[in-house]
Amino acid sequence: MWQLVEEQLTEAADVLRRFTTPENCARVETAGQRLAAVLAAGGRIFSCGNGGSMCDAMHFAEELTGRFRDDRPAIGAVAIADPSHLSCVGNDYGYDHVFSRYLQGMARPGDALLAISTSGKSPNVLKAAETARGMGLYVVALTGKDGGPLAGLADTELRVPHTGYADRIQEVHIKLIHCLILLIEQHLVPKG
């Protein structure tokens, strides 16, 4: 069984290594700078995704409103994950609208959206990105595979170069989320 473990860890490291190109690192840096600029101007970052990607969206928001590595003031981020909202909108309008409807009620021009979909094809994430673009939000998409339709809706797309199972893509997404948080903190919170 140790061979299975070694195979899984080796494949995960390979996917991360393939993502780590100068072009992708520059895209992550751009996204971090732009998200920090949104926050510095008084905006908020909303995040959304399904399943494990929702957990990642929640992790992103809680690290900003709570704490990542060092003590600092809270940073304005909201994961669209309220069960009462999701069940209400899912029941009344359909699950495809659960994220976009939230943005319509809560987001303002100048805010940002972190849209997470390993396939880039999740209908509710696509509607959220479309709504965000229409409202004047900056959209960062975390994708995988071929990026799907979400790639074309993002201002900055961070695509994991993997076409297999979604867990490999999600493993890199969490690394990217941590990089974005670190970049946001570096821009917003002076050291010392």
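Is Phe46 buried or exposed? Select Phe46 in this predicted model and show its surroundings. At 0% relative accessibility, Phe46 is buried, because the cut-off for that label is under 20% relative accessible area.

**Stop 1: the ring pair**

Keep Phe46 selected and add Tyr102. The structure has one aromatic pair, and Phe46 and Tyr102 are the residues that form it. Their ring centres lie 6.3 Å apart, and the planes meet at 70°, an edge-to-face arrangement. Now colour the backbone by secondary structure. Phe46 sits in strand S1 (residues 45-48) and Tyr102 in helix H5 (residues 98-106), so the pair links parts of the chain that are distant, 56 residues apart. Tyr102 has a relative accessible area of 17% and therefore also counts as buried.

**Stop 2: Ser117**

Move next to the loop that runs between strand S3 (112-116) and helix H6 (123-135); Ser117 lies there. Although placed in a loop, Ser117 counts as buried, with 2% relative accessibility.

Show the side chain of Ser117 and draw two distances:

- To the side chain of Ser122: a polar contact of 3.1 Å.
- To the backbone nitrogen of Lys121: the Ser117 side chain reaches this atom at 3.5 Å.

**Stop 3: the neighbours of Ser117**

Which residues does Ser117 touch, leaving aside those up to four places away in sequence? Select Ser122, Val125, Leu142, Thr143, Gly144, Leu150 and His173 to see them. Ser122 in this set is also the partner in the 3.1 Å side-chain contact, and Val125 falls within the residue range of helix H6 (123-135).

Conventions. Residues numbered from 1 in each chain as written. Predicted model: local features only at pLDDT ≥ 70, side-chain atom pairs only at ≥ 80, totals over all residues. Heavy atoms only, no water. Helix = DSSP H or I, 4+ residues; strand = E, 2+ residues; numbered from the N terminus. Buried < 20%, exposed > 50% of the residue type's maximum accessible area, 1.4 Å probe, protein only. Polar contact = N/O pair within 3.5 Å; in protein donor to acceptor, adjacent residues only side chain to side chain. Contact = heavy atoms within 4.5 Å. Phe/Tyr/Trp six-rings, centres within 6.5 Å; stacked < 30°, edge-to-face > 60°.
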